[in-house]
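Q: I'd like to go through this model with you. Short answers are fine.

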Amino acid sequence: MMTSAQIRQSFLDFFQEQQHAVVPSASLMPQSPGLLFTNAGMNQFVPYFLGVWTPPWNPARATDTQKCIRAGGKHNDLEDVGHDSYHHNFFEMLGNLSFGDYF
């Protein structure tokens, strides 16, 4: 049986072998004025998707294990763990992203 740390590292290692840059988890308090918490693994990459920033990686690929918080039942997946006015869900989202490089 693998530990969570081993699963996380195995994921990052696989995508690093596929030429993805390993990017550390961003803050749970995002720079985006529209978000109170980082609620998805791709939040820190939005400026790259929108073309505001140019990806610094060559090829333009990244992988991460982003810490996330979802609160108050706003998202559908919270129904699996409880939908109420005070519920918070803390998790890590594993991601592999391409900024126009795959196709």
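Q: Let's start with one ring. Is F99 buried or exposed?
A: F99 counts as buried, because its relative accessibility is 14% and the cut-off for buried is under 20%. Keep in mind that this is a predicted model.

Q: How confident is the predictor, then? What does the pLDDT average?
A: The average pLDDT is 87. At least 70 is reached by 84% of the residues.

Q: Which elements have the lowest and the highest mean pLDDT?
A: Strand 3 is the lowest of the elements, with a mean of 90. Strand 1 is the highest, at 98.

Q: Give me the layout. How many helices and strands are there?
A: Two helices and three strands. Along the sequence the pattern reads α-β-α-β-β.

Q: How do the strands go together in the sheet?
A: The three strands make an open sheet, ordered 1-2-3, with mixed pairing. Strands 1 and 3 are at the edges with a single partner strand each, so each has one side without a neighbour in the sheet.

Q: And how do strand 2 and strand 3 run?
A: They run antiparallel, joined by 11 bridges. One of the bridge pairs is D64 with G95 of strand 3.

Q: Stay on G95. Buried or exposed?
A: G95 is buried, with 14% relative accessible area.

Q: What does G95 touch?
A: Leaving out residues up to four places away in sequence, G95 touches F11, A62, T63 and D64. So the bridge partner, D64, is in the contact list too.

Q: How far apart are G95 and G41 in space?
A: Their C-alpha atoms are 6.3 Å apart. In sequence, 54 residues separate them.

Q: Back to the rings. How many aromatic pairs are there?
A: The count is 10. Among them is F45 with W57, an edge-to-face pair. The centres are 6.2 Å apart and the planes make an angle of 65°.

Q: Which parts of the chain does that pair tie together?
A: F45 sits in the loop between strand 1 and helix 2, and W57 in the loop between helix 2 and strand 2, so the pair ties together parts 12 residues apart in sequence. Both F45 and W57 are buried.

Q: What about F49 and F99, how are their rings arranged?
A: That pair is tilted, because the planes are at 50°. The ring centres are 5.1 Å apart. F49 is in helix 2 and F99 in the segment after strand 3, 50 residues apart, so the pair links distant parts of the chain.

Q: You said F99 is buried. How exposed is F49?
A: F49 is partly exposed, at 42% relative accessible area.

Q: Which residues do the ring pairs link into a cluster?
A: F45, Y48, F49, W53, W57 and F99. Both pairs we just discussed have their members in that cluster.

Q: New topic: H20. Where is it found?
A: H20 is in the loop between helix 1 (4-17) and strand 1 (21-22). It counts as buried, with a relative accessibility of 5%.

Q: Which side chain does the H20 side chain make a polar contact with?
A: The side chain of Y102, at 2.6 Å.

Q: What else does H20 touch?
A: Apart from Y102, the contacts are F15, R61, A62, T63, N96 and L97. Residues up to four places away in sequence are not counted there.

Q: I want to check backbone geometry. Which peptide bond is cis?
A: The bond from N58 to P59 is cis, with omega near 5°. P59 is in the loop between helix 2 (46-49) and strand 2 (61-71).

Q: And what is phi at Q19?
A: Near 70°, a positive value in a residue other than glycine. Q19 is in the loop between helix 1 and strand 1. H20 is in that loop as well.

Q: Finish with totals. What share of the protein is buried?
A: Buried residues are 35% of the 103.

Q: How much area does the protein expose?
A: About 6900 Å². Carbon and sulfur atoms supply 57% of that.

Q: What share of the contacts is long-range in sequence, 24 or more positions apart?
A: The share is 62%, taken over contacts with a separation of 6 or more.

Conventions
Residues numbered from 1 in each chain as written. Predicted model: local features only at pLDDT ≥ 70, side-chain atom pairs only at ≥ 80, totals over all residues. Heavy atoms only, no water. Helix = DSSP H or I, 4+ residues; strand = E, 2+ residues; numbered from the N terminus. Buried < 20%, exposed > 50% of the residue type's maximum accessible area, 1.4 Å probe, protein only. Contact = heavy atoms within 4.5 Å. Areas by Shrake-Rupley, 256 points an atom, 1.4 Å probe, with all protein chains shown as cover. Polar contact = N/O pair within 3.5 Å; in protein donor to acceptor, adjacent residues only side chain to side chain. Phe/Tyr/Trp six-rings, centres within 6.5 Å; stacked < 30°, edge-to-face > 60°. pLDDT = per-residue confidence, 0-100. Pairing = 2+ DSSP bridges.
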